[in-house]
Amino acid sequence: MNIRSLTRGDGVVIGAAVLLFIASFLDFYSTTGGDLPSAWDTNAYFLALPSVFLLGFIATGLLIAGRFQPESRKVLGIPLSAWGTVLAVSAAWSALWALITCPSTLDLGAGAVIAFLATLALAGVALFGAKVPALAGALVPEARPAAPQPYGGQPQPGAGYGYPAGQQPYGSTPQPVPPYGGTPTPAPGQHDSGAGHQAAPTPAPAADFSPFWFAVPVARPLFAEDGSSAQIAELAPGTWYLAVEQRGAAALVAQTQDGRRGILSDTSGIQRG
């Protein structure tokens, strides 16, 4: 049984059944001298209990059960939801006639009025619930994984792990700042070791690039700035880093909190500050 298969219309059906159950214990008819018994007194009302209340309860059960059964599951060749719709309409029809045929010596009780409203809502949702977008939506929305902070909110300057103090608030474009006393850009061929080892060519930085803060959705490696495959750091989710240059079509030169700079080759899904 998956509760996420229920719709908002099914929630209305369940609510109508609860209201119908409460109405069954209230006075069905009343007099000026006092209240009469509830619908459970079959000696007083004969068919009111089975034709209104029990039909409504059975219809609710069939409509809800149809959500958890395969569409191929049928009773006498008819789906459960179709059976439930027929019984819901029958219960509303009986409740209407219970109002119309109220004896002239009696008054309508709260039980009869509430039962009619409950069965009317039950029949209406059973007939038109799938055609009304407000009722056809999921009763319980799909759970979404929580995004790592600070994606879910706006970090304040000087507060929160990984966000440098004294910078502009989240959402504004940060201005270029000097490195945190960090490492100078290695000269070409600085990491060459041994004969035959050549450093990968470094793409030229983009001319119209403006530095910005960003965070990664998952841990991403940061490679040496000279373009070699040496990993110098790992960028962690929930921490803001400064992109100081753009290399090629998608790669960024990122600067960590301790001043190390390197190339982030995988920029998919990053969150800009």
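Two strands count as paired if DSSP finds at least two bridges between them. Keep that in mind as you open this predicted model, because the tour comes back to a strand pair defined in this way.

**The whole chain**

Start with the protein chain in cartoon view. You should find six helices and 12 strands. Colour by burial next: buried residues make up 35% of the 273 residues. Switch on the surface, and the chain exposes about 15100 Å², with 62% of that supplied by carbon and sulfur atoms. If you like contact maps, look away from the diagonal: among contacts between residues at least 6 apart in sequence, 64% join residues at least 24 apart.

**The largest nonpolar core**

Now select L20, F28, Y29, Y45, V52, F53 and A115. In the largest nonpolar core, which has 19 residues, these touch the most other members. Show helix 1 (8-23), helix 3 (48-65), helix 4 (80-100) and helix 5 (110-128) around them, as these are the elements that give two or more residues to this core.

Zoom in on L20. Which residues is L20 in contact with, leaving aside its neighbours within four places in sequence? Select V52, F53, G56, F57, A115, A118 and T119 to see them. Then pan away to another core, which lies apart from the largest one and has 13 residues, including L222, A233, L264 and I270.

**A strand pair and its hairpin**

Here is the pair promised at the start. Select strand 10 (residues 251-255) and strand 11 (261-264). The two run in the antiparallel sense and pair over four bridges. Click on V253 and you will find I263 of strand 11 standing opposite. Follow the hairpin between these strands, where five residues sit, and stop at G259, which takes a positive phi near 95°.

**T267**

Carry on along the chain to T267, in the loop between strand 11 and strand 12 (271-272). Is T267 buried or exposed? T267 counts as buried because its relative accessibility is 18%, and the cut-off for buried is under 20%. Leaving aside neighbours within four places in sequence, select R220, A250, A251 and L252 to see what T267 is in contact with.

**The largest pocket**

For the last stop, bring up the largest pocket, with a volume of about 300 Å³. Of its 15 lining residues, D10, R67, S81, A126 and A130 are the closest to the centre. Helix 1, helix 4, helix 5 and helix 6 (133-136) each give two or more residues to the lining, and helix 1 gives the most, with three.

Conventions. Residues numbered from 1 in each chain as written. Predicted model: local features only at pLDDT ≥ 70, side-chain atom pairs only at ≥ 80, totals over all residues. Heavy atoms only, no water. Buried < 20%, exposed > 50% of the residue type's maximum accessible area, 1.4 Å probe, protein only. Contact = heavy atoms within 4.5 Å. Areas by Shrake-Rupley, 256 points an atom, 1.4 Å probe, with all protein chains shown as cover. Core = buried A, V, L, I, M, F, W, Y, C linked by side-chain atoms within 4.5 Å. 1 Å grid on protein atoms, 1.4 Å probe; cavity = no way out; pocket = protein on both sides within 12 Å on 5 of 7 lines; lining within 4 Å. Points joined across faces, edges and corners; volume = space filled by probe spheres on them.
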